[in-house]
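I am opening a notebook on a structure that is new to me. I will go from place to place and write down what I looked up at each stop.

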Amino acid sequence: MTRTRVTLLTVGDPSRVTGGYLFHRRVAERARYNDAELRFISIPDLPLPWAMAAGPSWLLARSLRSADVLVLDSIAASAAAPWLGRVRAPVVGMLHQPPGGIDAPHVQRWFRTPFDRRAYRACRVLMVASEWLAAELVAAGLQADRLRVVPPGKDLDVAAGAPTDGDDTGDVDRAGLRRGRLMAAVCVANWLPRKGIIELLEAVAGLPDDMVTLHLVGDTATRGRYAARVHDRIARADLRDRVVVHGLILPAAVHRMYQTVDAFMLPSFEEPYGTVWGEAMAAGLPVVGWQAGNLPFLADHGRDGVLVPVGDVLALGRAIEWLARDPALRERLGRAAHLRAAARPTWDETAARFFAIIHEVLEGHRKQAPRPRPGP
């Protein structure tokens, strides 16, 4: 059987450990089970004018010239926008962020937005990672009937490898992670401003010393000054020995962490989906965060998590203390989180939906293609 040849256009190294890149790799690993093969090509990770100028190089890539369908990663949209009209194959968008992006400074987001919109107009269909993101896109003027929600899988792919700074969680039990305190909590996030890590640290610092030991998992060497600010905050006396930095660890170690701690905490200011929230809930952990982004679509306050007003550090601290002092509450919320997550797709189901949409677009494209004229 001939497999559908899918090429995914992204930016930089596809092996990066962030939500969008992980989404694409997990889908790619399952392509062969969905009558497809998925290959990556990348636009250089450069400022936008130089990234745009790289168009001729990726347009000539063999994997694109032989592709049946091009999937456009939203982080590549603005750089690809001037060139998509030259792509022979139908284009499908895979969006993990609103137009303009989410992690860039405001001016850059403003500059990128019209190019993103132009790129999305060239797409037959736009796959989006969450209902929240779909609503954001409709509010930004995109047509709702062009959107297809394809959420990430809930299951952590523990067999997959990833860059690691060391796996030090293998033989540590819950008491070991608590370090003599009432509760152990984990935050899985790269050190970026929108993740709210400094606000989480401030909330922990404002609590009595015996409340919680916080474990931070994620990339600590992110661009900009934010990572240095996090390091500096952790080093202050009021957090000494209350925060454990693990860095990047293998998925299997993340899975063990989920199975061993008491709660998951990530007060993101803006999160198009929040794969780690879904993973933590599937593992039976109550989740704590702001009433922002996609979290209110994943968890309800007092039912399977604790959601507090955006930016309210005191409320965040009270939520942490509430959970720390009440093991029965943690168990009830965690059990409800597990049951709610059970209804969400696995990565196998996510990949099946992803490739079903691609096959649908390709079939429609072939039906619209002009038929050769009959001979004389």
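**Entry 1, a pocket.** I began with the second largest pocket, which has 14 residues in its lining, and I noted that Arg-174, Asp-262, Gly-284, Arg-330 and Glu-331 are the ones nearest its centre. I am working with a predicted model, and I keep that in mind for every entry below. The space in this pocket comes to about 190 Å³. I then asked which helix gives the largest share of the lining. The helix is α15, which contributes five residues. Both α11 (251-260) and α15 (327-342) supply at least two residues of this lining. Sorted by class, the lining holds six nonpolar, three polar and five charged residues.

**Entry 2, helix α12.** Since Gly-284 had come up at the pocket, I looked at what precedes Gly-284 and found that this glycine, just after α12, takes a positive phi of about 85°. How many of the eight residues of α12 are buried? I found seven, so this helix, spanning residues 275-282, is mostly covered. The buried ones are Thr-275, Val-276, Trp-277, Gly-278, Glu-279, Ala-280 and Met-281.

**Entry 3, helix α7.** I turned next to α7, residues 131-139, where Trp-132, Leu-133, Ala-134 and Leu-137 are the buried residues. I recalled for myself that an α-helix has 3.6 residues a turn, so residues three or four places apart point the same way. What covers the buried residues of α7? I listed β4 (91-95), β5 (125-128), β6 (147-149) and α13 (295-298) among the elements that do. Just after α7 I came to Gly-141, whose phi is positive, at about 105°.

**Entry 4, positive phi outside glycine.** After these glycines I looked up residues of other kinds with a positive phi, and I noted Asp-35, with phi near 55°. Asp-35 sits in the loop between α1 and β2 (36-43), and I recorded Asp-35 as partly exposed because its relative accessible area is 38%. Arg-179 is another residue other than glycine with a positive phi, near 55°. The place of Arg-179 is the loop between α8 (174-178) and β7, and its relative accessibility of 43% puts Arg-179 in the partly exposed class.

**Entry 5, Asp-68.** I went on to the loop between α4 (62-65) and β3 (69-73), where Asp-68 lies. Is Asp-68 buried or exposed? I put Asp-68 down as buried, because its relative accessibility is 14% and the cut-off for buried is under 20%. Beyond the neighbours within four places in sequence, Asp-68 is in contact with Arg-3, Thr-4, Arg-5, Ala-89, Pro-90, Leu-362 and Arg-366. With Arg-5 I could note a distance, as a polar atom of the Asp-68 side chain lies 2.7 Å from the backbone nitrogen of Arg-5. I also compared Asp-68 with Val-6, and their C-alpha atoms are 6.0 Å apart although 62 residues separate them in sequence.

**Entry 6, Asn-190.** In the loop between β7 (183-188) and α9 (197-205) I found Asn-190, which counts as buried because its relative accessibility is 12%. A polar atom of the Asn-190 side chain lies 2.8 Å from the backbone nitrogen of Asp-219.

**Entry 7, Ile-75.** Ile-75 belongs to the loop between β3 and α5 (77-80), and at 29% relative accessibility I entered Ile-75 as partly exposed. Leaving out neighbours within four places in sequence, I found Ile-75 in contact with Thr-10, Val-11, Tyr-21 and Gln-97.

**Entry 8, aromatic rings.** How many aromatic pairs does a search of the whole structure find? I counted five of them. In one, Phe-23 and Trp-347 have ring centres 5.5 Å apart and planes at 80°, so I class the pair as edge-to-face. This pair links distant parts of the chain, with Phe-23 in α1 (residues 19-29) and Trp-347 in α16 (residues 347-368), 324 residues apart. Phe-23 and Trp-347 are both buried. I noted a further edge-to-face pair in Tyr-258 and Phe-264, with 6.2 Å from centre to centre and 65° between the planes, and both Tyr-258 and Phe-264 are buried.

Key:
Residues are numbered from 1 along each chain as its sequence is written. This is a predicted model: local features need pLDDT of at least 70, side-chain atom pairs count only at pLDDT 80 or more; totals for chains, interfaces and linings use all residues. Side-chain values use heavy atoms; hydrogens and water are left out. Buried means under 20% relative accessible area, exposed over 50%, partly exposed in between (1.4 Å probe, protein chains only). A polar contact is a pair of N or O atoms within 3.5 Å; within protein, one must be able to donate a hydrogen and the other to accept it, and residues adjacent in sequence count only if both atoms are side-chain atoms. Contact means heavy atoms within 4.5 Å. On a 1 Å grid over the protein atoms alone, a cavity is a set of points where a 1.4 Å probe fits but cannot get out, and a pocket is an open set with protein on both sides within 12 Å along at least five of seven lines; lining residues have an atom within 4 Å of a point. Grid points are joined across faces, edges and corners, and a volume is the space filled by probe spheres set on the points. Ala, Val, Leu, Ile, Met, Phe, Trp, Tyr, Cys and Pro count as nonpolar, Asp, Glu, Lys and Arg as charged, and the others, Gly among them, as polar. Rings of Phe, Tyr and Trp (its six-membered ring) pair if their centres lie within 6.5 Å; planes under 30 degrees apart count as stacked, over 60 as edge-to-face and the rest as tilted.
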